[in-house]
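Student: I should like to go through this structure by asking why each label applies. May we begin once the model is in view?

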Amino acid sequence: GAAAAIGPQYLQDLYRVKNALDTSGFSVADQHKAFSVYRQFVETIRSGKGKDKFLAEIKPFEGKEWFTWLSIPQADDPWWSLYPRIANFDAIPLWRKVKVPVLLIYGQKDALMPVPESSMHISEALKAAGNKNYTVHIFPGADHTIRIQPAPGKSWPRNAPGFVDLVTAWIKART
């Protein structure tokens, strides 16, 4: 998702990192520490305050595998000035203005965006806009890209069954 559908983008970022840590192979203790550091990073970078203090506080973790995995940007990285504009962006007010037909498509196994919350918040925003012409479809077993990942021993992901047919039928019904 280019924009978080659950409010400010940083909430989607935290969701993404938490899911990635859950499958990282790190110990539970390291996962908790990593997520705590990442949450502190997000709060620091999105506020634009306390960068030097935060960077000093995380020095003891340098060299730990979970810390390297987080890829916290260096002090001179442009991400420090770019991320606040992305992280604090909230798409929900824009959804409240959408009056055209909308097709919301999700993968049930999306590890980048919380599907139930996203679909609920966008649906509520569309209703607030007076928009009754929207469809929500969640593809079972699909990921963020609406693809089914291969079973062990198989080599290629595939589109979720019915994905192309759904999109085609939805467009045809509105043109």
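Tutor: Let us start inside helix α2. Arg46 and Glu43 are three residues apart in helix α2, so about one helical turn separates them. Helices here are DSSP runs of H or I with at least four residues, strands are runs of E with at least two, and both are numbered from the N terminus. This is a predicted model, in which local features need pLDDT of at least 70, side-chain atom pairs count only at pLDDT 80 or more, and totals for chains, interfaces and linings use all residues. Residues are numbered from 1 along each chain as its sequence is written, and side-chain values use heavy atoms, with hydrogens and water left out.

Student: What makes the contact of Arg46 and Glu43 a salt bridge?

Tutor: A salt bridge requires a side-chain nitrogen of Lys or Arg within 4 Å of a carboxyl oxygen of Asp or Glu. For Arg46 and Glu43 the N to O value is 3.5 Å, so the pair meets the rule. By this rule the count comes to five salt bridges.

Student: Why is Arg46 called partly exposed?

Tutor: Buried means under 20% relative accessible area, exposed means over 50%, and partly exposed lies in between (1.4 Å probe, protein chains only). Arg46 has a relative accessible area of 21% and therefore counts as partly exposed. Glu43, at 38%, is also partly exposed.

Student: Which salt bridges lie in helix α1?

Tutor: Among them is the one between Asp13 and Arg16, whose closest N and O atoms are 2.4 Å apart. Both residues lie in helix α1 (residues 9–22), three residues apart, about one turn of the helix. Another joins Asp22 to Lys18, with the closest N and O atoms 2.8 Å apart. Asp22 and Lys18 are four residues apart in helix α1, and so are separated by about one helical turn.

Student: How do you know whether Asp13 and Arg16 are buried or partly exposed?

Tutor: The relative accessibility of Asp13 is 8%, so Asp13 counts as buried. Arg16 has a relative accessible area of 34% and is therefore partly exposed. In the other bridge, Asp22 at 39% is partly exposed, and Lys18 at 34% is partly exposed.

Student: Why is the aromatic pair of Phe41 and Phe54 called tilted?

Tutor: Rings of Phe, Tyr and Trp (its six-membered ring) pair if their centres lie within 6.5 Å; planes under 30 degrees apart count as stacked, over 60 as edge-to-face and the rest as tilted. By this rule the count comes to 11 aromatic pairs. Phe41 and Phe54 are 6.1 Å apart centre to centre, with 35° between the planes, and the pair is therefore tilted. Phe41 lies in helix α2 (residues 28–47) and Phe54 in helix α3 (residues 51–57), so the pair ties together parts that are 13 residues apart in sequence.

Student: What makes Phe41 and Phe54 buried?

Tutor: Phe41 has 2% relative accessibility and so counts as buried. Phe54 is buried as well, with a relative accessible area of 2%. Both rings belong to one aromatic cluster, formed by Tyr38, Phe41, Phe54, Trp79, Trp80 and Tyr83.

Student: How do you know that strand β1 and strand β2 pair?

Tutor: Two strands pair if DSSP finds at least two bridges between them. Six bridges join β1 (residues 102–107) to β2 (residues 134–139), so the condition is met, and these strands run parallel. The chain crosses from β1 through helix α7 (residues 115–128) to β2, and this β-α-β crossover is right-handed. That term applies if, with the strands pointing away from the viewer, the path from the first strand over the helix to the second runs clockwise.

Student: Why is β1 described as largely enclosed?

Tutor: Five of the six residues of β1 are buried, so the rest of the structure largely encloses this strand. In the protein chain as a whole, buried residues make up 35% of the 175 residues. The protein chain has eight helices and four strands.
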